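Q: I'm new to this one and would like to learn how to read it. Can we go through some features together?

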Amino acid sequence: DDEEEEEHDEDYEDYDKEMILISKRKNSISILTTLFRLIPIKGQASGFFSSVPRKIIDRLQNVKFIPVSNEYVLPRLAVQRFFYNDEVILPLIENDLKRLLGLSFVSEYIHIPDAVAKELGIQMVDGKLLVELLKEKANEFDGKIENVDFEWLICILERIQRDPHVNSLVPQLKKLKIIPLSDGTLGSIQEGDIIDIQIETLQSYEFFSSLKCLDFKFRTQISAYHDVQTLLSRIGILKMDQTNFFKTHV
């Protein structure tokens, strides 16, 4: 009986400790939420106090006070969770953001006003960040289709196309070896023309091996994603039907 009572006491102690930690975390989150609402930004003060917002922001940019999973980080190492109200992409990139770029998502319990986040240097999951991530992933892909998760790549490309500033990202995308080709490698537009055509009909021709065509499996998968097709066309991939192809290449 004494042993059982001791075990119960230990359980209660563990429970109490856990509740204390939860309570402390809730309090800190509440305090931070209030803090983010109070942080002044440029234009909110005038006259003698006009320089105060900038000084406060400069100081906060060098303080580890942004809550992420199990720690607090500098603002520049944090990423807002929201992306056009799209939660699908977040779990796909969370590990890669941390592993490849050293970035972590802001705690889901904290809301930081966009204007404040921008002033602090907190990043957004936008096209620019996704292109940076693609650059790092391209190195890991090592030019081989077998290293690419098509669903992951399609999701990233789709979100990049939806970015309002997608045109400014095109020059960078043209340089990346991320386009699955029919020969099992990955190519970039910078290396030469890539053709989007049903390649299975061309395999019997001798000149086929000299062409850079989209991988048939990848082409089939993106057929249901208009945004991805639009982005590929935007960066310079040539979409052809068989008639135009033979007029051009035969």
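A: Sure, we'll take a helix, two single residues and a cavity in turn, keeping in mind that this is a predicted model.

Q: Let's start with α5. How far apart are its end C-alpha atoms, and what span should its 15 residues give?

A: Helix α5 covers residues 127-141, and at 1.5 Å a residue those 15 residues should span 21 Å; the end C-alpha atoms are 20 Å apart, which agrees. Just past the helix comes D142, with a positive phi near 55 degrees.

Q: Which residues of α5 are buried?

A: A general idea helps here: an α-helix has 3.6 residues a turn, so residues three or four places apart point the same way. In α5, the buried residues are G127, L129, L130, V131, L133, L134, K137, A138 and F141. Their cover includes strands β3 (78-79) and β6 (186-187), along with helices α3 (90-101), α6 and α7 (166-175).

Q: You mentioned α6. Where does F150 lie, and is F150 buried or exposed?

A: F150 belongs to helix α6, which runs over residues 150-161. Buried means under 20% relative accessible area, so F150, at 8% relative accessibility, counts as buried.

Q: What does F150 touch, leaving out residues up to four places away in sequence?

A: F150 touches I145, P180, D215, K217, F218 and Q221. Take K217 from that list: K217 is 67 residues from F150 along the chain, yet their C-alpha atoms are separated by 9.2 Å.

Q: Can we read S104 in the same manner? Which strand holds S104?

A: S104 sits in strand β4, residues 104-105. Its relative accessibility is 10%, so S104 counts as buried. Setting aside residues up to four places away in sequence, S104 touches V68, L77, A78, V79 and K98. With K98 there is also a polar contact between the side chains, at 3.5 Å.

Q: And empty space inside: how many cavities of 30 Å³ or more does the structure hold?

A: Rolling a probe the size of a water molecule over the atoms shows where empty space is left. In this structure there are 2 cavities of 30 Å³ or more. The second largest has a volume of about 30 Å³.

Q: Which residues line the second largest cavity?

A: The lining is made of L157, L173, I178, I179, L231, L232 and I235. By class, that is 7 nonpolar residues, with no polar and no charged ones. Helix α9 (residues 226-235) gives the most to this lining, with 3 residues.

Conventions: Residues numbered from 1 in each chain as written. Predicted model: local features only at pLDDT ≥ 70, side-chain atom pairs only at ≥ 80, totals over all residues. Heavy atoms only, no water. Helix = DSSP H or I, 4+ residues; strand = E, 2+ residues; numbered from the N terminus. Buried < 20%, exposed > 50% of the residue type's maximum accessible area, 1.4 Å probe, protein only. Polar contact = N/O pair within 3.5 Å; in protein donor to acceptor, adjacent residues only side chain to side chain. Contact = heavy atoms within 4.5 Å. 1 Å grid on protein atoms, 1.4 Å probe; cavity = no way out; pocket = protein on both sides within 12 Å on 5 of 7 lines; lining within 4 Å. Points joined across faces, edges and corners; volume = space filled by probe spheres on them. Nonpolar A, V, L, I, M, F, W, Y, C, P; charged D, E, K, R; others polar. Expected span 1.5 Å × (residues − 1).
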